[in-house]
Amino acid sequence: MERRACLEAIYGDLQDVAVVTIMGAVAAELQAIGHRPNFFYLQHAMGLASSLGLGVALAQPSRPVVVLDGDGSLLMNLGGLTTLARYRPRNLVHVVFDNESLLSVGGFPTATSTGSDLAAIAKAAGVPRTVTVHSIPDFVTAFREARAAGDLTTIVAKVDAIGPKAFVTDLALLENRYQFARYLQDRPPL
Amino acid sequence: MPVSERSSAVIFTSLKDAGVRIMSALPETWLVHLIRMAEEDPDVNLVRLAKEEEGVGISMGAHLAGVRSAMLMQNHGFLASVNGIVSGAQLYRIPLLMLVSARGEFGERDPWQTEGGGVTVPVLDALRIPTRRVDDVTSVPRAIAESMTLAYSASRPVALLLGRSLMWEEA
């Protein structure tokens, strides 16, 4: 399963939600599919995308929030899963693209390549809904069920360790930041 | 435990007056009253962290969503948060109010706090974080109001160092 195909499959579902992504392939691929003002790409501060999503979710409890995380990033902030579970934002869906690799720095294998199970870790941390998926239809089903369930969900999507050739895009970091803040502050949740 | 309840109450009220609605914190002896006050106040959302750097992410998200927040932490928690501060809050120009208990300075009895006490201010300086030290409770309301004002006008992290004479009631 390719991550980009996963993103394309849920792209239509990402219209009226706040989307927070990690840096690297996820950010570059989502921008290549088509940037929207409700997408924020955390282009560094590895590990903090899920914490940033929690901050948005707590500040605007009626706004749906989707965090697009990765195995390398989440492994840097496993403690954050316990905080996420503790405050259980029901408006947050946490997607983890697990390619078992730190792809953007040359493909070094992460601990998920030797058996660490991020969905099991999330479940043990107290996340009420967790699932691991291996196919596009299963991913789309899991994503839509999570949105419909209205509860904190971690979806681990096992994807191939392939990505775009380049990671720098023509969207400036601060342009993205102010655009996203305006979206959140000027557009009340549906 | 001689942590100053009075200073804690003034700090807490000043944070609320500055519009703070989300406080993220990791327990530390000097902050126990402050954290309890945040927990008990229905107008404040207290987020108890596993590690302080998470608080940078939470404050970034809250700010982008239009809500004011503050981080309450020990100086060792600040040291543990440095990458998030630099490659998150500074890179993205986020107003971030950090209240940092200045452990490990003159009067410190815990040996394990002393290394951090010696490097906190140099690290804050190296990161170009505007820092103000508060040792006297009467200067707290103005210090917090002005810190929040600068954080927003500069769109940057700002630190208030909470000194021993403010937080601890014995020499």
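The legends below describe close-up views of a predicted model containing chain A and chain B.

**View 1. Overall form of chain A.**
The secondary structure of chain A consists of eight helices and eight strands. Its radius of gyration is 15 Å, close to the 16 Å given by the globule rule for 190 residues, so chain A is as compact as a globular protein of that length. Along the principal axes, the C-alpha atoms of chain A occupy a box of roughly 45 × 35 × 30 Å. Of the 190 residues in chain A, 52% are buried. When contacts between residues at least 6 apart in sequence are considered, 73% of those in chain A join residues at least 24 apart.

**View 2. Surface and charges of chain A.**
The exposed area of chain A is about 7600 Å², and 54% of it is supplied by carbon and sulfur atoms. Chain A carries 16 positive and 17 negative side chains. The centres of these two sets of charges are 7 Å apart.

**View 3. Helix 5 of chain A and the residue after it.**
Helix 5 of chain A spans residues 78-87. Its buried residues are A:Gly80, A:Leu81, A:Thr83, A:Leu84 and A:Ala85. The helix is followed by A:Arg88, which has a positive phi near 40°.

**View 4. Overall form of chain B.**
Chain B is built from eight helices and six strands. Read from the N terminus, its elements follow the order α-β-α-β-α-β-α-α-β-α-β-α-β-α. The radius of gyration of chain B is 14 Å, which agrees with the value near 16 Å that a compact globule of 171 residues would have. The C-alpha atoms of chain B fit a box of roughly 40 × 35 × 30 Å along the principal axes. Buried residues account for 58% of the 171 residues in chain B. Among contacts in chain B with a separation of 6 or more, 79% come from residues 24 or more positions apart.

**View 5. Surface and charges of chain B.**
Chain B has an accessible surface of about 6700 Å², with 54% belonging to carbon and sulfur atoms. It holds 16 positive and 20 negative charges. The mean positions of the two sets are separated by 6 Å.

**View 6. The contact between chain A and chain B.**
The contact involves 31 residues from chain A and 30 residues from chain B. Together the two chains bury about 2200 Å², and 66% of this area is on carbon and sulfur atoms. On the chain B side, the residues that lose the most area to chain A are B:Glu54, B:Leu64 and B:Tyr92. These three residues together make up 32% of what that side buries.

**View 7. Surroundings of B:Glu28.**
B:Glu28 sits in the loop between strand 1 (20-25) and helix 2 (32-40) of chain B. Its relative accessibility is 6%, under the 20% cut-off, so B:Glu28 counts as buried. Beyond its neighbours within four places in sequence, B:Glu28 contacts B:Ile35, B:Gln74, B:Ser101 and B:Arg103. B:Ser147 is 119 residues away from B:Glu28 in sequence, and the C-alpha atoms of the two are 22 Å apart.

**View 8. Surroundings of B:Glu108.**
The loop between strand 4 (96-101) and helix 6 (114-126) of chain B holds B:Glu108. With a relative accessibility of 15%, B:Glu108 counts as buried. Residues up to four places away in sequence aside, B:Glu108 touches B:Arg103, B:Gln113, B:Thr114 and B:Arg164. The C-alpha atoms of B:Glu108 and B:Ala171 lie 9.4 Å apart, although 63 residues separate them in sequence. B:Arg103 is in contact with B:Glu108 and also with B:Glu28.

**View 9. Loop residues of chain B with positive phi.**
B:Arg93 is not a glycine, yet its phi is positive, at about 50°. This residue belongs to the loop between helix 5 (82-90) and strand 4 of chain B. At 30% relative accessibility, B:Arg93 counts as partly exposed. B:Ser155, which is not a glycine either, has a positive phi of about 50°. It lies in the loop between helix 7 (140-154) and strand 6 (157-162) of chain B. B:Ser155 has a relative accessibility of 15% and counts as buried.

Notes: Residues numbered from 1 in each chain as written. Chains lettered and ligands numbered in written order. Predicted model: local features only at pLDDT ≥ 70, side-chain atom pairs only at ≥ 80, totals over all residues. Heavy atoms only, no water. Helix = DSSP H or I, 4+ residues; strand = E, 2+ residues; numbered from the N terminus. Rg over C-alpha atoms; globule rule 2.2 N^0.38 Å. Buried < 20%, exposed > 50% of the residue type's maximum accessible area, 1.4 Å probe, protein only. Contact = heavy atoms within 4.5 Å. Areas by Shrake-Rupley, 256 points an atom, 1.4 Å probe, with all protein chains shown as cover. Lys, Arg positive; Asp, Glu negative; His and termini not counted. Charge placed at Lys NZ, Arg CZ, Asp CG, Glu CD. Buried area = accessible area lost by both parts, 1.4 Å probe.
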